[in-house]
Amino acid sequence: MRTDSEGREHLHYTDDGAGDVVLFLHAFPLDGRMWDVQKRELARNARVVVPDLAGFGRSMGLTARNSLDEHADDVAGLLDALAIERASLVGLSMGGYIALAFARRHPKRLAALALADTRAAPDTPEGKVGRDQNIALVEREGVSSLLERMLPKLLSNGASDDVRSLVRALGSSQSPDAVKGALAAMRDRSDSTPLLGQLDLPAAVIVGEADAICPPDEARAMKAALPRATLEIIPGAGHLANLEAPAAFTGAVRRLLAPL
Ligand code: MLT
């Protein structure tokens, strides 16, 4: 666990490269290691910060969060600890929900925004029921059962065995408390749709063409509502598009960051 000069605990993170800061927010139920390829590539030209959200991965010792706003405030706290005034955020799926919460709560600290395989809309009533069922499943059978249920939607049929194994390894190692907290947090998240029109900053909406959780129509709607966004649809990729099509995904983030 990392602590700052006053002994307060904060997120585990990696910090590579130099220059403008880009911070990556991971999907559910994974951790910052899902960004290893993007980190390696982009740290050649930028400073790349990758936290494990509280309760997940190597931040497992921190109290699990039950609200996405708390995760967003943790990110602001990490920027404070690193003396970073402004950063670009890249959030995939749950990471995108948190990036939007950050944009709402800390707008002055955001330089550019990539929203990948995510949506601005809140859960539907049926979606909320599904979250409660998944919380009960984790309580009854553990995180691995939830992961096996989710895998067909997290990845496309064409995903490689290596990617499948990585997602299994990362997902099944997460703490039940963090996973249940995140399910409740996603269930209760607010509607970010009205915020999109106010985000007058460079933005990229990125989506796998075969994303079964946040399909391309969601991405098109966000692109249309954001004042300065591009849309990048990655052919063949599923929900975890950065893992299935790392080069295409990294290229999309590079194009967002290039003019900064
Ligand atoms: C994720 O990939 O972060 C989750 O599948 C998002 C969600 O369940 O809404």
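**Group meeting: one chain, its fold and its largest pocket**

Let me start at a loop residue. Set aside neighbours within four places in sequence, and D20 is in contact with A46, R47 and L260. D20 sits in the loop between β3 (13-16) and β4. Now a distance. D20 and L53 are 33 residues apart along the chain, and their C-alpha atoms are separated by 22 Å.

Before going on, a caution. This is a predicted model.

Now the whole chain. What does the secondary structure come to? Eleven helices and nine strands. The radius of gyration is 17 Å, and the globule rule gives 18 Å for 260 residues, so the chain is as compact as a globular protein of that length. Along the principal axes, the C-alpha atoms fill a box of roughly 45 × 45 × 35 Å.

How much of the chain is buried? Of the 260 residues, 57% are. As for the outside, the chain exposes about 10800 Å². Carbon and sulfur atoms supply 49% of that area.

Contacts next. Take those with a separation of 6 or more. Residues 24 or more positions apart account for 77% of them.

On to the pocket. Rolling a probe the size of a water molecule over the atoms shows where empty space is left. The largest pocket here has a volume of about 590 Å³. Its lining counts 24 residues. Which of them lie nearest the centre? R131, N134, M150, K153 and I213.

Where does the lining come from? Four helices each supply at least two residues: α3 (94-105), α4 (125-141), α5 (143-154) and α7 (176-187). The largest share belongs to α4, with five residues. By type, the lining divides into eleven nonpolar, seven polar and six charged residues.

Let me stay with α5 for a moment. L154 is found in that helix. Is L154 buried or exposed? Its relative accessible area is 1%, under the 20% cut-off, so L154 counts as buried. What does it touch? Leaving aside neighbours within four places in sequence, L154 is in contact with F28, L147, V167, I213, G238, H239, L240 and E244. I213 came up a moment ago, among the residues nearest the pocket centre. There is a C-alpha distance here too. L154 and A212 are 58 residues apart along the chain, yet their C-alpha atoms are separated by 7.3 Å.

F28 takes us to the backbone. Most residues other than glycine have a negative phi, and most peptide bonds are trans. This chain has exceptions to show.

The bond between F28 and P29 is cis. Omega there is about -5 degrees. P29 lies in the loop between β4 (21-25) and α1 (36-42).

Then two residues with positive phi, neither of them glycine. S93 has a phi near 60 degrees. It is found in the loop between β6 (87-92) and α3. S93 has a relative accessible area of 7%, so it falls in the buried class, under 20%.

D117 has a phi near 45 degrees. Its place is in the loop between β7 (110-116) and α4. D117 is buried as well, with a relative accessible area of 1%.

Now a strand residue. A203 is in β8, residues 203-208. Its relative accessible area is 4%, which makes it buried under the 20% limit. Which residues does A203 touch? Not counting residues up to four places away in sequence, they are L113, L226, R228, A229, T230 and L256. For a distance, take S156. A203 and S156 are 47 residues apart in sequence and 25 Å apart in space, C-alpha to C-alpha.

Last, a helix residue on another footing. A169 is in α6, residues 161-172. Buried, exposed or partly exposed? With a relative accessible area of 48%, A169 is partly exposed, because the exposed class begins over 50%. From A169 to M94 is 75 residues in sequence. In space, C-alpha to C-alpha, they are 19 Å apart.

To recap. The chain is as compact as a globular protein of its length. Its largest pocket draws its largest share of lining from α4. A cis bond joins F28 and P29, and positive phi values turn up at S93 and D117. L154 in α5 is buried and contacts F28 and I213, among others. That is the tour.

Terms used. Residues are numbered from 1 along each chain as its sequence is written. This is a predicted model: local features need pLDDT of at least 70, side-chain atom pairs count only at pLDDT 80 or more; totals for chains, interfaces and linings use all residues. Side-chain values use heavy atoms; hydrogens and water are left out. On a 1 Å grid over the protein atoms alone, a cavity is a set of points where a 1.4 Å probe fits but cannot get out, and a pocket is an open set with protein on both sides within 12 Å along at least five of seven lines; lining residues have an atom within 4 Å of a point. Grid points are joined across faces, edges and corners, and a volume is the space filled by probe spheres set on the points. Ala, Val, Leu, Ile, Met, Phe, Trp, Tyr, Cys and Pro count as nonpolar, Asp, Glu, Lys and Arg as charged, and the others, Gly among them, as polar. The radius of gyration is taken over C-alpha atoms; the globule rule is 2.2 Å times the number of residues to the power 0.38. Buried means under 20% relative accessible area, exposed over 50%, partly exposed in between (1.4 Å probe, protein chains only). Contact means heavy atoms within 4.5 Å. Accessible areas come from the Shrake-Rupley method with a 1.4 Å probe; for residues, only the protein chains shown count as cover.
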